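Please look through the structure shown below with the covalent cross-links, one of the sheets and the enclosed cavities in mind. The report that accompanies it takes these topics in turn.

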Amino acid sequence: MARLELFTGLAISLILAASTASAAIIEHSLHVRIWPPLHIFLAGASGSSRNYSRSLFQVQNLTVRRLCHPRVITAVNGSLPGPTIRVSEGDTLVVHVFNKSPYNLTIHWHGIFQLLSAWADGPSSITQCPIPPGSSYTYRFTITGQEGTLWWHAHVSWLRASVYGALIIHPKKGHLGYPFPKPYKEVPLILGEWWNANVVDVEDQALALGVPPNISDAFTINGQPGDLYPCSRKHTYKLKVRPGKTYLLRMINAALNNQLFFKIADHKLKVVAVDASYTNPYVTDVIVLSPGQTADVLLTADQIPGSYYMAGRNYFNAENVPLPFDNTTTTGILLYKGTASLPGTTPKMPLLPAFNDTPTAHKFSSSLTSLVGAPHWIPVPAEVDEKMFMTISLGLSPCGGRATCQGPNGLRFSASMNNVSFQAPTGRSLLEAAFFGLKGFFTTDFPDTPPLAFDYTNRSLAQSPLGFVLKGTRVKKLKYNATVEIVLQNTAFIGVENHPMHLHGFNFHVLAQGFGNFNPANDRKKFNFVNPVIRNTIGVPVGGWAVIRFQANNPGVWMFHCHLDVHLPWGLATVFVVEDGPTPSSTLPPPPADLPKC
Ligand code: C2O
């Protein structure tokens, strides 16, 4: 099935297939639930201005042909990428997820604040137990105070390799539109990563042996690898453009383990938002996205009509890691309308940065600034209640159990924050444990600083025993509305690397970033308090640091983790538990009745 779209409506209007009308179940006055149609329907609230957008996600096996072979993947509504969800700011989104796949499943709405709806956030073991095969869960949340390009993805094992799609939030009707000229068309452009093997098996094998997993076989643009790969001429994304028109590319890096450079031959790109926060327009010829990040990019078809490659490939920055990496290039074709693609002519190819071109990556990410006064812009919180310094490290840990690990000295590759390697709880989600006051699932002693101060980025640390970490489910408790400042510091254990750190439930301001060890005396002077970029995922520079601030204005349990799926199960994560505030409107309601049980 092709992509399913969502619509919103003001009036009560309900699209029903006549034959399913008798199956309608009245849920309550505002909702009508229809079982079990595969189409999308819409319902508006009577007497209220709230719009409901409803969607049905059927998650199941799908056979697709890629790179010369048929492959079975897990997919939503039979498409790769899955359906694009389009809503307006202020809408309530209701998504019925039916897990007909053979795997445990959750869906995360990446970048959505989930104000008072933490139960719908989705990370497995954190805000919910997964939906078992044959079962369902309804995600229900209102999208307030944010607009732009976000996305949704599976948040359990490696399923997000094929379970992902765009979530586009338009400005509320009748409100300010975009803070840039209205584009002629909007186009989601999702970068992905493809394995010929079953990704769950790839992950399981790696975890069994305690070693890094096999690398991917391709990158993709909107699910298509492009014609530089074998048998992929038909699997090439094409964007037809009209000369002179401007297009809004809604770019998402949905890849599992790789940061990507992206260029279009001969064309300038103008970034106007990242992570659904408006930026000062930034003109560049290269986009750099970490897994989890998005960018809204204006593209004007202002070159000689013809065909041009758009191309993406790895920004591979890990030092000291003697591993192979996916060095392939994904392409799509930008085709000017009216220009027949002549047989035998190939599109013009852009010159891509070198794999390890950190200066280019750093220039891109450190040049972005927020657009002061744009819709939903907020100033930097001035007073800081909680100051934290967090190391983000690779490391080694005991193999565990009776397994035999093939990491150095028979140890297991791991990762940590402040030397704590995050271990997910079993039996209950952390949110249930926190909400119901259940004992024994976590401790609230995640440290504000690493156990030891040292020369964090000294490359001779690579083999140091300091990189030995212990597992734990240690969280950081925050008072409602507390302002948190975090210095994120990469370390050289095993090897330095750019880690894309993603915070659930909040956006943060990026006050500064740099290389080497953070030096408070010098580096605090560089903080941007005027227009720092606002995001939900920051690529902490390789062998460097970044400083972020956010206000914990949303009660719940919020994960903060590296968005490289190789590092997440290794423990590169922690959790904030934000307490309820003093009023009903700052108190997390109880869980929905259909919250899956472990
Ligand atoms: Cu996009 Cu915790 O994830």
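What follows is a description of a predicted model, starting with the disulfides.

**Disulfides**

The structure holds 3 disulfides, and when the bonded cysteines are counted along the chain, the pattern of pairing reads 1-3, 2-6, 4-5. Their sulfur distances and torsions are set out here.

| Pair | S to S distance | Torsion about the S-S bond |
|---|---|---|
| Cys-68 and Cys-231 | 2.0 Å | about 95° |
| Cys-129 and Cys-598 | 2.0 Å | about -90° |
| Cys-399 and Cys-405 | 2.1 Å | about 80° |

The torsion of about 95° makes the disulfide of Cys-68 and Cys-231 right-handed. Because Cys-68 sits in the loop between strand E4 (51-66) and strand E5 (69-76), while Cys-231 sits in the loop between strand E13 (218-221) and strand E14 (237-241), the pair ties together parts that are 163 residues apart in sequence. Cys-68 itself is partly exposed, its relative accessible area being 24%.

The disulfide of Cys-129 and Cys-598 is left-handed, since its torsion is about -90°. This pair links distant parts of the chain, with Cys-129 in the loop between E8 and strand E9 (136-142) and Cys-598 in the segment after strand E35 (573-578), 469 residues apart. Is each of these two cysteines buried or exposed? Cys-129 has a relative accessible area of 1%, which is under 20%, and therefore counts as buried, whereas Cys-598 has a relative accessible area of 59%, which is over 50%, and therefore counts as exposed.

In the disulfide of Cys-399 and Cys-405, a torsion of about 80° again gives a right-handed form, and both Cys-399 and Cys-405 are buried. A further cysteine, Cys-562, is buried as well, with a relative accessible area of 0%.

**An open sheet of four strands**

Strands of a sheet pair through backbone hydrogen bonds, in either a parallel or an antiparallel sense. Here an open sheet of 4 strands runs in the order E6-E11-E10-E8, and its pairing is mixed. Strand E6 (85-88) and strand E8 (107-110) stand at the edges of the sheet, and because each has a single partner strand, one side of each is left without a neighbour in the sheet. From one strand to the next, the twist averages 25°.

At one of these edges, E6 pairs with strand E11 (residues 164-170) in the parallel sense, over 4 bridges, and Val-87 stands opposite Ile-169 in E11. The loop that follows E8, before strand E9, is the one that carries Cys-129.

**Cavities**

How many cavities of 30 Å³ or more does the structure hold? There are 2 of them, and the largest has a volume of about 160 Å³. Its lining is made up of 19 residues, among which Ser-290, Ala-361, Ser-365, Asn-498 and Gly-539 lie nearest the centre of the cavity.

The elements that give two or more residues to this lining are strand E19 (287-289), helix H2 (358-367), strand E30 (508-515) and strand E32 (537-540). Of the elements, H2 gives the most to the lining of the largest cavity, with 5 residues. By residue class, the lining of the largest cavity divides into 9 nonpolar, 9 polar and 1 charged.

Methods. Residues numbered from 1 in each chain as written. Predicted model: local features only at pLDDT ≥ 70, side-chain atom pairs only at ≥ 80, totals over all residues. Heavy atoms only, no water. Pairing = 2+ DSSP bridges. Axes fitted to C-alpha atoms, helices over the stretch in contact; angles between N-to-C directions. Disulfide = S-S within 2.5 Å. Buried < 20%, exposed > 50% of the residue type's maximum accessible area, 1.4 Å probe, protein only. 1 Å grid on protein atoms, 1.4 Å probe; cavity = no way out; pocket = protein on both sides within 12 Å on 5 of 7 lines; lining within 4 Å. Points joined across faces, edges and corners; volume = space filled by probe spheres on them. Nonpolar A, V, L, I, M, F, W, Y, C, P; charged D, E, K, R; others polar.
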